[in-house]
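Let us take a walk through this fold together, starting with the whole chain and working inwards. Have the sequence and the 3D view at hand as you read.

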Amino acid sequence: MTQVKAGWEHYEHGADIGVRGVGASKAEAFEQAALALTAVIADPAAVQQRKRVALACEAPDDELLLAEWLNALVYEMATRRMLFSRFAVKLSGARLAAKAWGETADTARHRPAVEVKGATYTTLRVAPEGEGWLAQTVVDV
């Protein structure tokens, strides 16, 4: 069996940006999609893990759960004025419980590129891919 290498990437979609996470498990793919979300705004490597925030959400299927997860992160980033660079996701049926580590956004240091308004349902997909999982959607910027 081939080992799946976790990762994330962006893909073009008109004026918005696609975020894609890949992982050995569905939870890891969700974590990587969240990292791709951060990378739309700033370099995740520049975000220190100073504070932990707990998040939870639920939805009737995996695709809607991905959108809820990313939108919960967008909300936390906006209201706490934070960026996150590490995620731990646990999935249980239609529920997601997660921890996100990050710090207060610093414009001079993080040099934010755009503000993410939210995850959309465009190209929304959560599915097995090869030996692992893929989680993707387009975010509105």
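What follows is a short tour of a predicted model, from overall shape to sheets and core.

**The chain as a whole**

The protein chain contains three helices and eight strands. Followed along the sequence, these elements appear in the pattern β-β-α-β-α-β-β-α-β-β-β. A compact globule of 141 residues would have a radius of gyration near 14 Å, and because the protein chain has 14 Å, the two agree. Along the principal axes, the C-alpha trace of the protein chain spans about 45 × 35 × 30 Å.

Of the 141 residues in the protein chain, 47% are buried. The accessible surface of the protein chain is about 7500 Å², and carbon and sulfur atoms hold 48% of that surface. Contacts across the sequence are also worth a look: among those in the protein chain with a separation of 6 or more, 62% link residues 24 or more positions apart.

**The open sheet and its helices**

Which strands make up the open sheet, and in what order? There are three, arranged as β3-β5-β4 with antiparallel pairing. The edges are β3 (51-58) and β4 (82-92), each of which pairs on one side only. On average, and ignoring direction, neighbouring strands in this sheet are turned by 20° against each other.

Two helices pack on this sheet. Helix α1 (residues 26-41) touches β4 and β5, and the direction of α1 makes about 160° with that of β4. Helix α2 (residues 62-80) touches β3, β4 and β5, and here the angle is about 140°, taken between the directions of α2 and β3.

Within the sheet, β4 and β5 (residues 95-104) run antiparallel and are joined by ten bridges. One place to find this pairing in the view is S92, whose bridge partner in β5 is R95.

**The strands around β8**

Strand β8 has pairings of its own, collected here.

| Strand pairing with β8 | Residues | Bridges | Sense |
|---|---|---|---|
| β2 | residues 16-23 | seven bridges | antiparallel |
| β6 | residues 118-119 | two bridges | antiparallel |
| β7 | residues 125-129 | five bridges | antiparallel |

Some residue pairs help to locate these pairings in the view. V22 has L134 of β8 as its bridge partner, while G118 is partnered by D140 of β8. E129 stands opposite G132 in β8. Between β7 and β8 lies a hairpin with two residues between the strands, where G130 takes a positive phi near 60°.

Is β8 mostly covered or uncovered? Mostly covered: seven of the nine residues in β8 are buried.

**The nonpolar core**

In soluble globular proteins, nonpolar side chains tend to be buried together. Here the largest nonpolar core has 40 residues, and the members that touch the most others are F30, L66, W69, L70 and L73. At least two core residues come from each of α1, β3, α2, β4, β5 and β8 (132-140). The most are given by α1, with ten residues.

What does L73 touch, leaving aside residues up to four places away in sequence? The list is A34, L37, L55, F84, F87 and A100. To see how the parts come together, start from L73 and trace those contacts, then turn to the two helices packed on the sheet, α1 and α2.

Notes
Residues numbered from 1 in each chain as written. Predicted model: local features only at pLDDT ≥ 70, side-chain atom pairs only at ≥ 80, totals over all residues. Heavy atoms only, no water. Pairing = 2+ DSSP bridges. Helix = DSSP H or I, 4+ residues; strand = E, 2+ residues; numbered from the N terminus. Axes fitted to C-alpha atoms, helices over the stretch in contact; angles between N-to-C directions. Contact = heavy atoms within 4.5 Å. Rg over C-alpha atoms; globule rule 2.2 N^0.38 Å. Buried < 20%, exposed > 50% of the residue type's maximum accessible area, 1.4 Å probe, protein only. Areas by Shrake-Rupley, 256 points an atom, 1.4 Å probe, with all protein chains shown as cover. Core = buried A, V, L, I, M, F, W, Y, C linked by side-chain atoms within 4.5 Å.
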